[in-house]
Amino acid sequence: MSDPAGVPPVRPIWRDPVVIATAIIWIGFLFGLRTIHRTQTTPDVAVAAGDVIALPGEEVELVAQVERRRPSGAIERAGIEVGLHRSEEEEGSGAVKTEIDGIARRTVVAPEEPGAHMFVVRVSEPHIPSPRILFDPRLFVLEPGSPIVVVDLEGTLLPIGSDELGAISPSTVGALSAIAVGRTVVFLHAGDPAITDRLRGALPLANHSRAPIVAGRRPGETTADYRGRQLGEWSRYGISSAIVGSAAACASFVAAGIDTILLGDTACAGATRVEGWAGVREKFREEETPNR
């Protein structure tokens, strides 16, 4: 209806369907641009951490490897803020920055109680609503006096030169289970530490408190150098024996003075060669039953 002057009433602009539709389109367009921008500029953060072993009450380093991968393809490793702390500690404690090789490390005191204790790796990044948290790594406290058997994964449970875990036979599982009785089994992975999480859910005994998976090869470090460094750090624990599946691994363990059992037909001076896991099991049967 017209007003007394005969002029039609003016409809408010916010009620005009054309204006409303146009505004919705523009808002959607701007939101889309923002989403595309964030997708193209937000870095992806990769975190890897293996298990750690220590004696009760011993100072030990918690270690994680962190990479920030930019959409451009650039990889940044230095200066990333990481929280490293035992799960029993207060959240937010243990903030450190990664070194030039992407390694974050923090020294803590191991619990007095033997067994598996979780620790937390927490990475906070801009544009990420919540921190990236890796809660699977374990600080494994050794049972004093328990014989330690190291299983090097290369050539035993993983193909040489590959990180792809194949089917594991019941005889292999049985042999590892028998070896673990009265002993501490430690899996050593000299390959890419980024696959540790996948191995943790697939390896025999990997979820058992007696079988940590230690993997911490640094960027640019060779597998031989990594084995040598790790065995040097473990010399104080008195490793009783090792099970290996490659000549390279065998050489590292023999050089460290460790009683080494070699699977397969590869030649290695100073090691005891067996045909398969049944032979490994028989070799341990021949030994005197360890004290529990």
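This tour moves through the structure one selection at a time and describes what is found at each stop. The model is a predicted one.

**First stop: the parallel sheet**

Begin by selecting strands E11 (148-152), E12 (184-188) and E14 (239-244). They belong to an open sheet of six strands, arranged in the order E13-E12-E11-E14-E15-E16 with parallel pairing. The edges of this sheet are E13 (213-214) and E16, each of which pairs on one side only. To examine one edge, select E12 together with E13: the two run parallel and are joined by two bridges. Within that pairing, Phe187 has Ile213 of E13 as its bridge partner.

**Second stop: helices across the sheet**

Next, add helix H4 (223-233) to the selection. H4 lies across E11, E12, E13 and E14, and its direction makes an angle of about 150 degrees with E12. Then add helix H6 (residues 277-286), which lies across E11, E14, E15 and E16 and runs at about 155 degrees to E15.

Helix H2 (residues 170-180) is the next selection; its buried residues are Thr172, Ala175, Leu176, Ile179 and Ala180. Viewed down the axis of H2, these residues fall within an arc of 135 degrees, and therefore they line one face of the helix. The buried residues of H2 pack against E11, E12, E14 and H6. Just after H2, select Gly182, which takes a positive phi of about 80 degrees.

**Third stop: helix H5 and the disulfide**

Select H5 and colour Ala249, Cys250, Ser252 and Phe253, which are buried. Looking down the axis of H5, one finds its buried residues within an arc of 165 degrees, so they line one face of this helix. The elements covering them include E11, E12, H4, E14 and E15. Just after H5 comes Gly257, with a positive phi of about 75 degrees.

Keep Cys250 selected and add Cys268: a disulfide joins the two, with an S to S distance of 2.0 Å. Which parts of the chain does this pair tie together? Cys250 lies in helix H5 (residues 247-255), while Cys268 lies in the loop between strand E15 (259-263) and strand E16 (272-274), so the link connects parts that are 18 residues apart in sequence. The link is left-handed, with -95 degrees about the S-S bond. Both Cys250 and Cys268 are buried. A search of the whole structure finds one disulfide.

**Fourth stop: strands E3 and E7**

Now move to strand E3 (residues 59-69), which contains Arg68. Is Arg68 buried or exposed? Arg68 is buried, because its relative accessible area is 12%, below the 20% limit for that class. Measure the C-alpha to C-alpha distance from Arg68 to Ala46: the two are 6.5 Å apart in space and 22 residues apart in sequence.

Add strand E7 (residues 103-109) to the view; five of its seven residues are buried, so E7 is largely enclosed by the rest of the structure. E3 and E7 pair in the antiparallel sense over seven bridges. One place to look in this pairing is Ala64, whose bridge partner in E7 is Ala104.

**Fifth stop: strand E10 and its partners**

Select strand E10 (residues 138-141), both faces of which are covered. Arg138 and Phe140 on one side are buried, as are Leu139 and Val141 on the other. In a regular strand, side chains alternate between the two faces of the sheet.

Add strand E2 (residues 52-54), which runs parallel to E10 and is joined to E10 by three bridges. Here Ile53 has Phe140 as its bridge partner. Then add strand E8 (residues 115-123), joined to E10 by four bridges in the antiparallel sense. His117 stands opposite Leu139 in E10.

**Last stop: the nonpolar cores**

Finally, select Val82, Leu84, Val150, Trp234 and Phe253, which touch the most other members of the largest nonpolar core, a set of 42 residues. E3 gives the most to this core, with four residues. Leaving aside neighbours within four places in sequence, Leu84 is in contact with residues including Leu62, Ala64, Val96, Ala104, Phe119 and Val121. Another core, of 23 residues, lies apart from it; select Leu157, Leu263, Trp277 and Val280, which are among its members.

Key:
Residues numbered from 1 in each chain as written. Predicted model: local features only at pLDDT ≥ 70, side-chain atom pairs only at ≥ 80, totals over all residues. Heavy atoms only, no water. Buried < 20%, exposed > 50% of the residue type's maximum accessible area, 1.4 Å probe, protein only. Disulfide = S-S within 2.5 Å. Core = buried A, V, L, I, M, F, W, Y, C linked by side-chain atoms within 4.5 Å. Contact = heavy atoms within 4.5 Å. Pairing = 2+ DSSP bridges. Arc of directions from axis to C-beta. Axes fitted to C-alpha atoms, helices over the stretch in contact; angles between N-to-C directions.
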